[in-house]
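Here are some exercises to work through with the model open beside you. Try each task before reading its solution.

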Amino acid sequence: MRASWRKFVALLDQSRVRVTGIIRGRAIVLAGIFVLLVPGFAYAQSSTLQLKQTRNESQPQLLTAAEIANLGDPFFNLLLKDKADKVMLADVLDAIQPNASNRHLFVVSERIVQKARMGFRRAVLAFDGANGGETLKGNVMLSLSFGPDGFPEDSEIEAWGWDDQRGRYNYYKLDSAGSPTGAMIWKFRGSSEKADLQTPAERAGTCLRCHVAGAPIMKELFFPWNNWHAGVGGSFVADYLDGNSSNPNKWPAANTPPFERLSTADKLETDFLIPTFKRFNRARLNAMLKREDANGTPSSSTAGRMTMLEGSRLLKPLFQATEINLISSRNTSGIHPFGSAADFVPTLGIQIPASFFLNNHLIAGGGTGGLGGLKLTNANEFSTFAKLSQQENKDLVEKFKLLLNGVRGDTHFAWFVPEPGFVENDLIDQALQLGVITPHFLAAVLSLDLEAPVFSDTRAELLKFVPDQFEFIPVAPGVDPVTLPRDATNDLLTQAVVSRINQADPAPGTNADEFRKLLTSPDSVDDLRKRVQVYVNRVKEALDSAGPDGRKAELERLYGLLVERRRLMQMHPVLQNLDETNGQLLMPLRAED
Amino acid sequence: MFPYSDPAGRNFLDNNAVADIFRQQLQGFYDTFARRVNSGFTWLEALDQLSGGQASQEVSVGWSSFPITAQATDALIDRDRFEYQDEYVEWRTETNQGGLTQVTFTTEFPEYFEAFAALGFNDLVNAIQDVMPGANPTVAELFGRGFNAASSPPLGRARMFRAHLQENPWNNGEKGILCLTQRFNTLNALFNLLAACSVRRTQGTPENTCSLVGDACGPARSSDPALCATAQRSVRGNLGLSLRDPTGVRIVKLDGVWRINNSTIDINDPAQNQGSWVMSRNARRAVLTIEAGLTVDGSPVRTGAQIARKLQVAADVLAAPDAALPEWARVGVESSSRGPE
């Protein structure tokens, strides 16, 4: 069915006409070559997707038949292939998943804690089950806004679908761009192909402006999902959106049908997005391996070696901040501008997240993200002692003159800070599990500027030593690479990087020289373990045993790092786009930032 | 007395004496914690006697089984159950030639088996065999060496069985797993948590109430703060609440994307999962059998902790407006209340 449809579209393309409607398999050709030749022609929505829009500010253009034939995700197949004239939310949902019990509604907003009936919230709609032969779980999601009364019938909708065959996400948008009447029209807005290679200028006005790696985004991916409706383990519950809650001042939206399927951020994380990210990264990693042929399995030499073809691209996230998540303490600040004075309890504790101190996801592994990592669990020790009180946190907010929504205050959950993006950490972990990089190599990189898990200039400058092409010995499936004895003679990447550093002949004491020392040490994993322990002990001593002045100084030093990371995110040419509030509401900033 | 039902859905193996012992024990929990001063936690009977034709509302509080407090590798979390598995879910792993073959999860509280132990050794063996057919436990295995089960009074047997659970091979993983044993995973802790968090507070948010109730709530866990926040939100909304019958924690579902030999399956659907995920005992027990080709989120299944990340459990709470409760069940009358008749 799909092949014959593609063939048909190709025939039409050859004839320079457009398919504008297919009803029960019968094509209705409504528009001819005329529409292709008249710039600015406004297209009424037809039952087949017609348009693409490369940038927000550009005019929509007709999709070529080849482009249409290259769309194979479930969202396209279920809706845009022959029901693209469905623009009302209820119709769209019915086309994707007619069984309402298999729909899931998640809500996020920087104003999530504000219960007053005002403003808008962002909804993410996910699906499970199957429809029309398409498996939906993790393969289609919609994003749209709603107000106190619920979803407008004619909502603008952003959507993505995962094309498993091509290993890419396709992004779509429903809005009135290109319509002289203001009618809503679906447009193809781009795919995730080579998203990671795009420059900031190329990203401007596209979905990839924010979808940096090409994957879906959940900025606050992990507990306590600051800004999301959640509920597990003391995370925030937006009870004003829950029709079953006892809140007497619920938004009317809570009693509308879509909100019967209101779900919580933990589900979006564990049930939908983490599997989605892992799949995306498998596709990314596989695409960078040398193959017998274009579609074949990765090639393997007689010595059992495989070949990485794009090493620098693959490992860029290990050295540079390509993607971030936002993590916070699991404890509230008590001083959110939308909260009440009674929320503040001076003595209540605030636990600083371990990932603030180092990349514990890769160093320790495990945790809720479930990465394999290096299993150096002393990296998690920070969470056992690195704590402050709400009063100490408030003092820091005052000292650093931080503003949220224009007033002094903090996020609902305190210590809100960028951390390395999970989607990129998982990519590196998959490379580790496959044997593309060894634990020794990973530990050496993570030892560099250990105390800056994100936005490290030191690591960033060393990416140039990573070759694009190198061979590696794959780790057998089911074998944990950290259980294997170090085999320096077969650690070909490490050898190649050392060789390139040697060629550059760096001066002693430079970052490159330090990197070489780490790579040539007998056991960089054990070196890292020791570095982590020294780091843990130093911070613990400063917080617990250095007296009130010493503790205050250490908290101020740590908070300075936090504020600086926020600033670096806001200054980053790409990652700044993740703040959709223009620096007002996502995170407290100094006025000058 | 409220006719508390068998949490495992086994009707106490048709043993009325066991049912009586268990119900007495459970009534003791409800009675103790419903008398917590100024707590909105109340007797279950009160929610059947609402005025004005009101009906109670059921709220399910869910959480993930993965113990987020554990500063350990997945393998260690699997191995050291009594140290790390603290989310009212515990599990046992079975391996063959180093590979994981089966993971058994339980949320059953020991009080259930204590009731059988109180009645006698043979009754306890029947209960264990109901969980693990073919089990042939000895007195020494269940109670410790030198214990005379026949001559011990019922309370002594129950206490000794409970005290010996970490050494009991039918529970500690050596031969099987029977019930929750980790020190925080107790029925008393569950009741205490809800009663403490149901005292209306004027300071702090519902989410951080857990940090304000002392040892009753573990703020670093997933389960405790979720239950605590729900309780606090309820009482701030002028609701009274109680734990629904059957009391306890039920297994809800496995999250994630599961495949067998690269074909996506709904792991929670017995019609699709080829027997790899079997829930039993009223969703208090579940077994994942790991056949070749089973993956979760694209990865082979290597540890129980990996599964625990995907395993959702819940406790069910009943709530109703305090003003609709019988007077003896309302906030403020706890110490003088006659309690349910």
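## Exercise 1: The interface

Chain B and chain A bury about 3100 Å² between them, with 51% of that on carbon and sulfur atoms; buried area is the accessible area (1.4 Å probe) that two parts lose on being put together, summed over both. This is a predicted model, where local features need pLDDT of at least 70 and side-chain atom pairs count only at pLDDT 80 or more, while totals for chains, interfaces and linings use all residues. Residues are numbered from 1 along each chain as its sequence is written, chains are lettered from A and ligands numbered from 1 in the order in which they are written, and side-chain values use heavy atoms, with hydrogens and water left out.

**Task.** Describe the side of chain B that touches chain A, and find the salt bridge across the interface.

**Solution.**

Step 1. Start with the area: Gln71(B), Glu207(B) and Arg302(B) supply 19% of what chain B buries against chain A, more than any other three residues.

Step 2. Count the contacts (heavy atoms within 4.5 Å). Here 38 residues of chain B touch 46 residues of chain A.

Step 3. Look for a salt bridge, defined as a side-chain nitrogen of Lys or Arg within 4 Å of a carboxyl oxygen of Asp or Glu. The rule finds one across this interface, and Asp271(A) and Lys253(B) form a salt bridge at 3.1 Å, N to O.

Step 4. Place the chain B side on its secondary structure, where helices (H or I, at least four residues) and strands (E, at least two) are DSSP runs, numbered from the N terminus. Both β1 (57-64) and α9 (223-236) of chain B supply at least two residues each to the side that touches chain A.

Step 5. Sort that side by residue class: 11 are nonpolar, 16 polar and 11 charged. In this scheme Ala, Val, Leu, Ile, Met, Phe, Trp, Tyr, Cys and Pro count as nonpolar, Asp, Glu, Lys and Arg as charged, and the others, Gly among them, as polar.

## Exercise 2: The sheet of chain A

**Task.** What is the strand order of the open sheet of eight strands in chain A, and which helices pack on it?

**Solution.**

Step 1. Two strands pair if DSSP finds at least two bridges between them. The order is β4-β3-β12-β11-β10-β9-β6-β5, with mixed pairing.

Step 2. Find the edges: β4 (61-62) and β5 (103-108) of chain A each pair on one side only.

Step 3. Follow one pairing. Strands β6 (121-127) and β9 (140-146) of chain A run antiparallel and are joined by six bridges; Val124(A) has Ser143(A) as its bridge partner in β9(A).

Step 4. Add the helices, with axes as lines fitted to C-alpha atoms, for helices over the stretch in contact, and angles from 0 to 180 degrees between N-to-C directions. Helix α5 (89-96) of chain A touches β5, β6, β9, β10 (157-163) and β12 (185-191), and its direction makes about 165° with that of β9(A). Helix α7 (265-287) of chain A touches β5, β6, β9, β10 and β11 (168-175), making about 100° with β5(A).

## Exercise 3: A helix pair in chain B

**Task.** At what angle do α4 and α5 of chain B cross, and which residues meet?

**Solution.**

Step 1. The axes of α4 (110-119) and α5 (121-131) of chain B come within 6 Å and cross at roughly 145°.

Step 2. From α4(B), Phe113(B), Phe116(B), Ala117(B) and Leu119(B) meet Asp123(B), Leu124(B), Ala127(B) and Val131(B) of α5(B).

Step 3. By class, this contact has seven nonpolar residues, no polar and one charged.
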